[in-house]
Amino acid sequence: MPGTMRQLGKRRASLSANLKIGDHRGCCRTPEEEEVFFPFAQDSVVKQWSSMHNVTERNQEKSKAPPRRSRCFLNINVGGKSFQIPYKMAARYPITRIGKLAISTDPMKKLKLCDDYSVQRNEYFFDRDPLIFHYIFHFYRSGVLWIMDELCPTNFVEEIEYWGIHLKCSQRCCRILFEEKQDELKEYLKIQRELEAELEPMEQEENFEGKCLGEFRKAVWNLIEKPYSSIPAKIIAVMSSFFVLISIVGMTLSTVEEMQHKTGKAFMEQLETICAVFFTSEYLMRLISTATFPKFLRAAFNAIDLVAILPFYIQILFEHLDEGDALYHEERHKMESVGKLGKVLKLIKLMRIFRILKLARHSTGLRAFGFTMRQCYQQVCCLLLFIALGVFTFSALMHSVEHDVPGTNFTSIPDAWWWAAVSLSTVGYGDTVPDTVLGRMVAFGCISFGIILNGMPISILYNKFSDYYAKLKAHENEASLTLKFTKKIRFKERVLKKLAECCSGDAHIHG
């Protein structure tokens with residue numbers, strides 16, 4: 001018999017242990033009939049049952065139970081339902097719990113295998129699920145473990161491990177479906193935990209207890225990290241999103257030719273300074289209010305906040321160094337350094353575009369999009385692999401049929417990469433087109449492959465995104481309602497406390 005039995009801890013007392021259900025109508029059967037008869041949880045007789053019955057009632061019990069059956073059958077009570085299994089059938093599976101109970105001769109070992117024992121009835125009680133034990137009972141009769149779709153996979157696995165029966169005892173078709181259901185359940189629970197962690201605050205209020213300036217840091221933390229905690233917190237959250245949008249608009253307008261003159265440039269610099277001061281203040285408030293500094297540094301949103309303010313200070317540092325170098329170098333060297341410094345400054349200024357990611361802190365849609373990308377990274381990587389495969393394949397085919405055409409743009413396979421990428425995306429700029437019939441056939445195949453490729457992952461990504469967005473929104477609404485309910489309770493407590501103080505003060509004055 002494959003598999004081993006898992007040893008479980010002591011279980012609680014069952015609420016249904018006082019129910020004894022059994023069949024007492026088979027007293028007159030012959031031994032041959034007893035050998036082939038298998039009573040199956042008969043519900044016709046219900047009576048009170050307890051392992052502490054008075055021993056003086058033993059004669060009455062003996063008159064109701066057939067002695068021959070007690071010798072041939074193993075009497076088992078599972079959660080209040082009675083089952084009888086022949087010793088011979090149970091002994092065929094000596095590794096299982098019932099099999100050990102059937103072949104064991106030591107009374108102490110038998111008591112360890114069950115939860116209780118009735119001396120009067122010679123019945124072993126197990127505080128387990130009687131519904132699932134029907135399948136265990138059928139396993140001892142037929143040697144095959146049945147699995148129904150309506151059963152909870154976690155509960156079923158726990159039960160069969162308790163009884164010492166391995167899942168391999170079931171039919172292969174049932175086992176495959178059951179394992180698929182198990183995997184789906186595990187994936188669902190994993191996603192639920194990650195969604196809850198996505199919305200869970202980085203710090204808990206209990207972490208501030210006993211810390212230096214704990215109450216002050218807790219108040220600052222609620223102000224920055226909990227927009228629904230108070231009206232000032234909502235104002236700060238709105239201001240954060242507003243300054244992000246203003247910063248992005250300012251960076252965009254700074255590239256317009258009309259804004260390149262002295263007045264426009266000075267205005268944009270002042271706007272950038274104001275935004276940088278606000279972002280710096282926001283970052284410092286989060287840094288001061290954090291209870292665990294290493295966890296603060298590892299957080300993705302805090303890294304985005306740091307990237308949002310670094311370009312401003314790096315630009316100031318480079319401009320200061322450039323002014324210092326201009327006093328000690330010749331004109332030619334100064335021009336070279338200014339040219340190199342200008343390229344570096346352009347790259348640094350470009351980093352300000354990452355400020356738009358700060359909106360994800362207060363946007364459920366952006367957080368759901370990022371969560372979808374993390375959960376579907378395998379599908380996204382597979383899509384990129386297919387795109388690369390299509391680009392290389394169709395660019396090679398196009399070069400092979402078009403390279404002999406005079407004046408063609410497909411002079412090499414790398415030159416055909418751009419055409420293949422544009423065609424796969426079904427954009428088709430028209431800057432590079434084939435001239436021959438075979439080239440147009442290759443182009444048609446490339447476009448058809450691109451349509452199929454673009455349609456495959458869209459439905460999967462969209463369905464998961466909508467599902468994750470709905471769950472994140474539901475969690476947020478639940479958290480906000482809980483917070484409002486807590487505020488109402490606290491408000492009522494404060495009102496009652498004030499009324500009690502007023503009443504006690506009036507009583508003291510009259511007294």
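Which side chain does Glu225 meet in a salt bridge? The partner is Arg286, and the closest look at this pair comes in the second view below. All the views show a predicted model.

**View 1. The whole chain sets the scene for the close-ups.** The protein chain of this predicted model holds 19 helices and 6 strands. Of its 511 residues, 34% are buried. Take the contacts between residues at least 6 apart in sequence: 69% of them join residues at least 24 apart. A search of the whole structure turns up 10 salt bridges, and a few of them appear in the next three views.

**View 2. Glu225 and Arg286 form a salt bridge between helices α10 and α12.** Their side chains meet with an N to O distance of 3.0 Å. Glu225 belongs to α10 (residues 214-225) and Arg286 to α12 (residues 262-289), so the pair ties together parts that are 61 residues apart in sequence. The surroundings of the two partners are worth a look. Glu225 has a relative accessibility of 27% and counts as partly exposed. Arg286, at 3%, counts as buried.

**View 3. Arg355 and Glu272 meet in a salt bridge.** Here the N to O distance is 2.7 Å. Arg355 sits in the loop between α15 (331-350) and α16 (364-375), while Glu272 is in helix α12, and the pair links these distant parts of the chain across 83 residues. Is Arg355 buried or exposed? Arg355 is buried, with a relative accessible area of 0%. Glu272 also counts as buried, at 10% relative accessibility.

**View 4. Asp305 and Lys358 form a buried salt bridge.** The closest N and O atoms of the two residues are 2.8 Å apart. Asp305 comes from helix α14 (residues 300-325) and Lys358 from the loop between α15 and α16, a link between distant parts of the chain that are 53 residues apart. Both residues are buried. Keep this pair in mind together with the pair of View 2: salt bridges with shared partners join Glu225, Glu282, Arg286, Asp305 and Lys358 into one network.

**View 5. Helix α7 places a run of buried residues against its neighbours.** Residues 130-142 make up this helix of 13 residues, which reaches 19 Å from its first C-alpha to its last, close to the 18 Å expected at 1.5 Å a residue. Its buried residues include Ile132, Phe133, His134, Tyr135 and Ile136, along with Phe137, His138, Phe139 and Tyr140. What do the buried residues of α7 pack against? Their neighbours are β3 (73-78), β4 (81-86), α4 (87-91), α5 (97-103) and α8 (153-162). Both ends of the helix deserve a glance too. At its start, a side-chain oxygen of Asp129 comes to within 3.1 Å of the backbone nitrogen of Leu131. After the helix comes Gly143, with a positive phi near 85°.

**View 6. Helix α11 carries the buried residue Gly250.** The 23 residues of α11 should span 33 Å at 1.5 Å a residue, and its end C-alpha atoms are indeed 33 Å apart. Buried positions in α11 include Ala233, Ala237, Ser240, Phe243, Val244 and Met251. Gly250, in this helix of residues 231-253, counts as buried at 9% relative accessibility. Leaving aside neighbours within four places in sequence, Gly250 is in contact with Met268 and Leu271. The C-alpha atoms of Gly250 and Leu271 are separated by 7.2 Å, although the two residues are 21 apart along the chain.

**View 7. Helices α16 and α17 cross at an angle of about 70°.** The axes of α16 and α17 (residues 377-402) are 5 Å apart. Angles from 65 to 115 degrees count as roughly perpendicular, and the two helices are therefore roughly perpendicular to each other. Met373, Arg374 and Gln375 of α16 meet Tyr377, Gln379 and Val380 of α17.

**View 8. Thr432 is a buried residue in a loop.** The loop in question runs between α18 (413-424) and α19 (437-510). With a relative accessible area of 14%, Thr432 is buried. Which residues does Thr432 touch, not counting residues up to four places away in sequence? They are Asn409, Phe410 and Trp419.

Notes:
Residues are numbered from 1 along each chain as its sequence is written. This is a predicted model: local features need pLDDT of at least 70, side-chain atom pairs count only at pLDDT 80 or more; totals for chains, interfaces and linings use all residues. Side-chain values use heavy atoms; hydrogens and water are left out. A salt bridge is a side-chain nitrogen of Lys or Arg within 4 Å of a carboxyl oxygen of Asp or Glu. Helices (H or I, at least four residues) and strands (E, at least two) are DSSP runs, numbered from the N terminus. Buried means under 20% relative accessible area, exposed over 50%, partly exposed in between (1.4 Å probe, protein chains only). Contact means heavy atoms within 4.5 Å. The expected span of a helix is 1.5 Å times one less than its number of residues. A polar contact is a pair of N or O atoms within 3.5 Å; within protein, one must be able to donate a hydrogen and the other to accept it, and residues adjacent in sequence count only if both atoms are side-chain atoms. Axes are lines fitted to C-alpha atoms, for helices over the stretch in contact, and angles run from 0 to 180 degrees between N-to-C directions. Angles under 35 degrees count as roughly parallel, over 145 as roughly antiparallel, 65 to 115 as roughly perpendicular and the rest as oblique.
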